[in-house]
Amino acid sequence: KIYEIVLLLNQNNIYINQIVPTLSNDISIMHNGKSYILLKYNKNMDRKIHLYDIIQFNQKVSYLKLESFEKVDWPMLWGNKIDYFEYQVNQLGKKYPKIRESISYYIGMVETGITLSVNRKTTDKGLIGISHKRIGRNSTLNDLYNPLNLIIDYKIRDAAEYFKDLFVEKENIFEDIIKYFYDENLTLNDCFNFFVRMFYPSFYFDLYEPIVNDEIDEDKIDLVLNKAHSYEQLLKNIYFYLAQYVEMPDIEWLKKI
């Protein structure tokens, strides 16, 4: 599927790092039980990306016909992830006290996002585009143009992930988000999808996984835990901003903050 996306981009003269087939025209080779591919990319692509780079990529791919590709199912994917996280934490016992004390809160946030996504009463679900599995403030141009990072999803996915990651560093990003809504001339459905995406706290789970794999110290998660109230306030601000233009579902716990 990724190779099909690469071919589609090539046919429309949109740059992407290239997957180089073998002499026998295979996409990958097997070696010691592992699958490998060869990528060809331009030099000088190690600089960190800006929001502008994401917007520019979205604009380039916005005219492509993607009906034959399947979009990521957020409720199913998120549901499977939190089921696994809950199981994993129960198996870990008391080894990570900060994780045990905080994970229910963040799982509850994800469950709010799942409910919002499942209960949407509209036939127009928002614009679909070529997005990325993960893009953040420290991503490079190589990450943006890496075919192995591509995924079919809502247009706003990359920007939402970028802003969530930016929040950890900057916190006060509400005005930046509203400017993004206007500059990109997003539809209300696109804005709502952005709002839903913000309920998956990537910044927490991106630390959770290396912590439970003993790759980093558990204290690293304090940076995120200390910003919980600020993030709730950000969600509340986006909620009431959108409520000026569209009927929003009732999120009782958010309105009480």
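## A surface patch and its loop

Valine 246 sits in the loop that runs between helix H11 (228-242) and helix H12 (252-255). This is a predicted model, and in it valine 246 has a relative accessibility of 30%, so the residue counts as partly exposed.

Which residues join Val246 in a nonpolar patch on the surface? The patch is formed by Tyr182, Leu188, Tyr245 and Val246, and together they offer about 390 Å² of accessible area.

## Two helix pairs

Two packed helices are described by the angle between their axes and the distance between the axes. Let's start with helix H3 (residues 74-92) and helix H4 (residues 97-118): their axes are 10 Å apart, and the packing angle is about 165°. Angles over 145 degrees count as roughly antiparallel, and H3 and H4 are therefore roughly antiparallel to each other. The crossing of this pair, H3 and H4, is left-handed.

Now for helix H6 (residues 157-170) and helix H7 (residues 174-183). Their axes cross at roughly 160° and come within 11 Å. H6 and H7 are therefore roughly antiparallel to each other. What is the handedness of the crossing of H6 and H7? For H6 and H7 the crossing is right-handed.

## Loops on either side of H7

Glutamate 171 belongs to the loop between H6 and H7. Its backbone deserves a look in your viewer: glutamate 171 is not a glycine, yet it has a positive phi of about 65°. With 30% relative accessibility, glutamate 171 counts as partly exposed.

The loop between H7 and H8 holds asparagine 185. Here, too, phi is positive in a residue other than glycine, with a value near 50° for asparagine 185. Is asparagine 185 buried or exposed? At 66% relative accessibility, asparagine 185 counts as exposed, since the cut-off for exposed is over 50%.

## Helix H8 under cover

Helix H8 (residues 188-197) is mostly covered, with nine of its 10 residues buried. The buried residues of H8 are Asn189, Asp190, Cys191, Phe192, Asn193, Phe194, Phe195, Val196 and Arg197. Leu188, a residue of the surface patch, does not appear in that buried list.

Arg197 makes a good bridge to the next topic. The relative accessible area of arginine 197 is 3%, and buried means under 20%, so this residue is buried.

## Salt bridges and a network

How many salt bridges does the structure hold? There are 17 salt bridges in the structure. One of them joins arginine 197 to glutamate 161, with the closest N and O atoms 2.8 Å apart. Arginine 197 lies in helix H8 and glutamate 161 in helix H6, so this pair ties together parts that are 36 residues apart in sequence. Glutamate 161 counts as buried at 2% relative accessibility, and its partner arginine 197 is buried as well.

Another salt bridge links arginine 134 with aspartate 206, where the closest N and O atoms are 2.5 Å apart. Arginine 134 is in the loop between strand E5 (128-132) and helix H5 (141-144), while aspartate 206 is in helix H9 (residues 202-212), so the pair ties together parts that are 72 residues apart in sequence. Arginine 134 counts as partly exposed at 30% relative accessibility, and aspartate 206 counts as partly exposed at 41%. Both pairs belong to a network of salt bridges that links Arg134, Glu161, Lys164, Arg197 and Asp206.

## Arginine 47 and its partner

Arginine 47 has its place in the loop between strand E4 (38-40) and helix H2 (51-61). This residue forms a salt bridge with aspartate 53, and the closest N and O atoms of the two are 3.0 Å apart. What are the relative accessible areas of the partners? Aspartate 53 has 5% and is buried, whereas arginine 47 has 38% and is partly exposed.

For a sense of scale, try a distance from arginine 47 to glutamate 252. The C-alpha atoms of arginine 47 and glutamate 252 are 42 Å apart in space, and the two residues are 205 residues apart in sequence.

Notes:
Residues numbered from 1 in each chain as written. Predicted model: local features only at pLDDT ≥ 70, side-chain atom pairs only at ≥ 80, totals over all residues. Heavy atoms only, no water. Patch = residues over 30% accessible without salt bridge, like charges linked within 9 Å, V, L, I, M, F, W, Y side chains within 5 Å. Areas by Shrake-Rupley, 256 points an atom, 1.4 Å probe, with all protein chains shown as cover. Salt bridge = Lys/Arg side-chain N within 4 Å of Asp/Glu carboxyl O. Helix = DSSP H or I, 4+ residues; strand = E, 2+ residues; numbered from the N terminus. Buried < 20%, exposed > 50% of the residue type's maximum accessible area, 1.4 Å probe, protein only. Axes fitted to C-alpha atoms, helices over the stretch in contact; angles between N-to-C directions. Parallel < 35°, antiparallel > 145°, perpendicular 65-115°, else oblique. Left-handed = near helix turned anticlockwise from the far one by under 90°.
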